[in-house]
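The report below works through the strand pairing and the chain interface of the model shown here, with the criteria stated as each term comes up.

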Protein chains: 2
Amino acid sequence: MSSLKGFSIACVQRLPNYLSYLKIKRYQGIENISTVTMANDLNLTQILVKKDLQQVSSIEGKPNVGFCVKRLIKDIESFLGFDNTKDAVLVGAGKLGSVLLSYKGFEKYGLNIVAAFDNNPDIIGAESGGIKVFDIAKLPNLVRRMSIHIGIITVPKQSAQSICDIMTDAGIRAIWNFAPIVLNVPDNAVVHNEDLAASLAVLSKKLKEVLD
Amino acid sequence: MSSLKGFSIACVQRLPNYLSYLKIKRYQGIENISTVTMANDLNLTQILVKKDLQQVSSIEGKPNVGFCVKRLIKDIESFLGFDNTKDAVLVGAGKLGSVLLSYKGFEKYGLNIVAAFDNNPDIIGAESGGIKVFDIAKLPNLVRRMSIHIGIITVPKQSAQSICDIMTDAGIRAIWNFAPIVLNVPDNAVVHNEDLAASLAVLSKKLKEVLD
């Protein structure tokens, strides 16, 4: 899948980058910014920056003035749904899970991990990154009670589909999957795969090109 | 960037998936496979599978027989450079670094992490995932001596650019960057960013669409 209802995934992936950049500018007291400056600072072409911004914001850049930084931030956040903080649960509090539970950067993207789950008695009851780890059996109840829509899967691939089923049965609508496996979800749910093998394929192909 | 000299990044990202699927089929003794079967099993459309395979392989699928599984595997591996194992170094043997050092799946994609580096005296000299952690000062010498082309960066974002500079000065040509920052590299090197914020943006946007 390379597009989201007409928006290119590559554009959506660049938006958090624009967002952190614009927030620094706002913090520095800069009110307006040109696409030339943005493109230079972010190592992108001006045409690309212009096209991306036109997709997510209706404001027009003024000649010699540029875009209003505050409005751009607001428009990008609302386009991505970052302005509306969403609760999430994570299943699999092992090594990779702990890295994500300790990562403090998610909140600025509107993601709040409220609880973690595991089936390992040695981990259940402990805290990881300040987040409590519960028995996986407790997931459906908590997800339903708190109307949680996002589930993060960091279990080994053998267990990933069954965890995915438990999640979607409980009402989870968006799954962020770190297990190296293709998951089947109902039509009313979506999956985004964090796929190291896919990344490695891109890197390997790029390296092949620079070495050739 | 959404293409690699004419190949779509999305296609390159799907190839490891085809590869593991085809290897299972080969293991099961299946000699030929149709794009219909592949598409069904992998939750993709037949048109997409056909297009992807045409990009990377010159073999033709025979009507009612399909593609030769062995040849497809060979062609995909050679297209991605997976048939030629490449050594890599990793800098930043903290939490995230340890996850990658312990991950046993890279070898099948032709990546062999030979050494890790850190500047923390508590970690230097230890082993992580069976890989020795050295003082960062030793990186240039080891990289030059072993002609290593791939560097993995798992340090905090404040240190990422300086590590990147050390790597490229030493001859690294491809950087797999896990730090949330845009890196500047010389023209003869490439970067691939593993960007959780970008993933989260895609997930958040998809969720917004299914909930709307």
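## Central strands

In this predicted model, strand S5 (residues 86-91) and strand S6 (residues 111-118) of chain A pair in the parallel sense over six bridges, where strands are DSSP runs of E with at least two residues, numbered from the N terminus, and two strands pair if DSSP finds at least two bridges between them. One of the bridge partners can be named: A:Val91 is matched in S6(A) by A:Phe117. Because five of its six residues are buried (under 20% relative accessible area, with a 1.4 Å probe and protein chains only), S5(A) is largely enclosed by the rest of the structure.

In chain B, S5(B) and strand S6 (residues 111-118) likewise run parallel, over six bridges, and B:Lys86 has B:Leu111 as its bridge partner in S6(B). Strand S5 (residues 86-91) of chain B also has five of six residues buried, so it is largely enclosed by the rest of the structure.

## The sheet of chain B

Seven strands of chain B form an open sheet of mixed pairing, in the order S7-S8-S6-S5-S9-S10-S11. Strand S7 (127-128) and strand S11 (190-193) stand at its edges with a single partner strand each, so one side of each has no neighbour in the sheet. S7(B) is joined to strand S8 (residues 131-135) by two bridges in the antiparallel sense, and B:Glu127 has B:Lys132 as its bridge partner in S8(B).

## The interface of chains A and B

Contact (heavy atoms within 4.5 Å) involves 62 residues of chain A and 62 residues of chain B. The two chains bury about 5,700 Å² between them, 70% of it on carbon and sulfur atoms, buried area being the accessible area (1.4 Å probe) lost on putting the two parts together, summed over both. A:Leu200, A:Leu203 and A:Lys206 supply 12% of the area that chain A buries against chain B, more than any other three residues.

The side of chain A that touches chain B divides into 38 nonpolar, 14 polar and 10 charged residues. The count of salt bridges between the chains (a side-chain nitrogen of Lys or Arg within 4 Å of a carboxyl oxygen of Asp or Glu) is zero.

## Conventions

Residues are numbered from 1 along each chain as its sequence is written, and chains are lettered from A and ligands numbered from 1 in the order in which they are written. Local features need pLDDT of at least 70 and side-chain atom pairs count only at pLDDT 80 or more, while totals for chains, interfaces and linings use all residues, and side-chain values use heavy atoms, with hydrogens and water left out.

Key. Ala, Val, Leu, Ile, Met, Phe, Trp, Tyr, Cys and Pro count as nonpolar, Asp, Glu, Lys and Arg as charged, and the others, Gly among them, as polar. Buried means under 20% relative accessible area, exposed over 50%, partly exposed in between (1.4 Å probe, protein chains only). Helices (H or I, at least four residues) and strands (E, at least two) are DSSP runs, numbered from the N terminus.
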